[in-house]
Amino acid sequence: MRIGLFGGTFNPIHFGHINVSKEIKEQFELDTIYMVPSAIPPHKKRQEVADAQDRLNMTRLAVSNLDGYLVSDIELIRSGPSYTIDTINHFSKILPENTKTYLILGMDSFLEIDTWMSYKELFTKLPLIIMSRPGTEHVKLQQLKTYIQEKISDNYWFQEKKNCFLHQTNRSIYLVTVTPYDISSTEIRKLIRQQKPLQNLIPEQVEQYIRSEGLYI
Ligand code: ATP
């Protein structure tokens, strides 16, 4: 089995999340992507974050008609801040031993990973898939090499053929260029506050949920 773990605040989930993860699913031949909404995101301003249960509900609605997607409520069940390292440990306990599990994240998140709890340990546990994202085009390979060397380990080397960083003991870090979707939850929340149309930025069922629950106004 091949699994992708895709965590986020999903505040709200949007077509950027959905479409790029579909591309990754296909490219890495993943059987299932687990969407993992965070309960208490350690890195976001609290007052702008919708209730975790609402974000979980919206994520469920968004993937309900997609094959090979599941939504995990593990970070809501756990108490305290949502640390990815705890989620990875959880999945490695519950998934069969021969499961190949990848952690999926956008380039903007990757460049902040050195602020995450026990982040160095993540790289020893599972391979990472780093997706390109509009707004991070200026990040050049050399800059990434330096970041990885300074913050994670100076024993990675870059393999051009696979566009990936390899390490003797740590797991690989794959760089993947996906279709650019210039969509962010911040922008969507702003459009809702301004009562502007969302113009296909989020699935219809999610938009209906936001309107009926009166979120982000
Ligand atoms: P916000 O605007 O509130 O910061 P966001 O749009 O970045 O939210 P998150 O839920 O924080 O959404 O993102 C979850 C993960 O999805 C992160 O790793 C992020 O980098 C990635 N991601 C979000 N939008 C895109 C996109 N359009 N393209 C590629 N990756 C994305």
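In which strand is Gly4 found? Gly4 belongs to strand 1, residues 2-8, where helices (H or I, at least four residues) and strands (E, at least two) are DSSP runs numbered from the N terminus. The views below come from a predicted model, in which local features need pLDDT of at least 70 and side-chain atom pairs count only at pLDDT 80 or more, while totals for chains, interfaces and linings use all residues. Residues are numbered from 1 along each chain as its sequence is written, and side-chain values use heavy atoms, with hydrogens and water left out.

**View 1. Surroundings of Gly4 in strand 1.** Gly4 has a relative accessible area of 0% and is therefore buried; buried means under 20% relative accessible area, exposed over 50%, and partly exposed in between, with a 1.4 Å probe and protein chains only. Apart from neighbours within four places in sequence, Gly4 is in contact with Leu30, Thr32, Ile33, Tyr34, Tyr102 and Ile104, contact meaning heavy atoms within 4.5 Å. Although Gly4 and Leu128 are 124 residues apart along the chain, their C-alpha atoms are separated by 9.4 Å.

**View 2. Packing of helix 2 and helix 9.** Helix 2 (residues 52-63) and helix 9 (residues 204-213) pack with their axes 8 Å apart and at an angle of about 150°. Axes here are lines fitted to C-alpha atoms, for helices over the stretch in contact, and angles run from 0 to 180 degrees between N-to-C directions. The angle makes helix 2 roughly antiparallel to helix 9, given that angles under 35 degrees count as roughly parallel, over 145 as roughly antiparallel, 65 to 115 as roughly perpendicular and the rest as oblique. From helix 2, Asp54, Asn57, Met58, Leu61 and Ala62 meet Gln205, Val206, Tyr209, Ile210 and Glu213 of helix 9. The residues of this contact divide into six nonpolar, two polar and two charged, where Ala, Val, Leu, Ile, Met, Phe, Trp, Tyr, Cys and Pro count as nonpolar, Asp, Glu, Lys and Arg as charged, and the others, Gly among them, as polar.

**View 3. The two sides of helix 9.** Val206, Tyr209 and Ile210 are the residues shown as buried in helix 9. Seen down the axis, the buried residues of helix 9 fall within an arc of 100°, so they line one face of the helix; the arc is that of the directions from the helix axis to the C-beta atoms. Their cover includes helix 2 and helix 8, whereas the face of helix 9 turned away from the buried side carries the exposed residues Glu204, Gln208 and Ser212. Gly214, which follows helix 9, has a positive phi near 65°.

**View 4. The two sides of helix 7.** In helix 7 (residues 141-151), the buried residues are Leu144, Tyr147 and Ile148. These residues cover an arc of only 95° around the axis, which puts them on the same side of helix 7. Helix 5 (107-110), strand 6 (156-159), strand 7 and strand 8 are among the elements that cover them, while the exposed residues Gln142 and Glu150 are carried on the face turned away.

**View 5. Two separate nonpolar cores.** A nonpolar core is a set of buried Ala, Val, Leu, Ile, Met, Phe, Trp, Tyr and Cys residues joined through side-chain atoms within 4.5 Å. The largest such core has 39 residues, and those with the most contacts inside it are Ile13, Ile24, Phe28, Met35, Met58, Ile104 and Ile210. Helix 2 gives the most to this core, with four residues. Beyond neighbours within four places in sequence, the contacts of Met35 are Phe6, Phe10, Ile13, Thr59, Val63, Tyr69, Leu70, Val71 and Ser72. A second, separate core of 31 residues includes Val36, Tyr147, Tyr156 and Ile173.

**View 6. Loop residues with particular backbone geometry or burial.** Asn11 and Pro12 are joined by a cis peptide bond with omega of about 0°, and Pro12 lies in the loop between strand 1 and helix 1 (15-27). Asn200, in the loop between helix 8 and helix 9, has phi near 60°, a positive value in a residue other than glycine, and at a relative accessible area of 69% Asn200 is exposed. Ser38, in the loop between strand 2 (32-37) and helix 2, counts as buried at 7% relative accessibility. With residues up to four places away in sequence left out, Ser38 touches Gly8, Thr9, Ala52, Arg55, Glu75 and Ser82.
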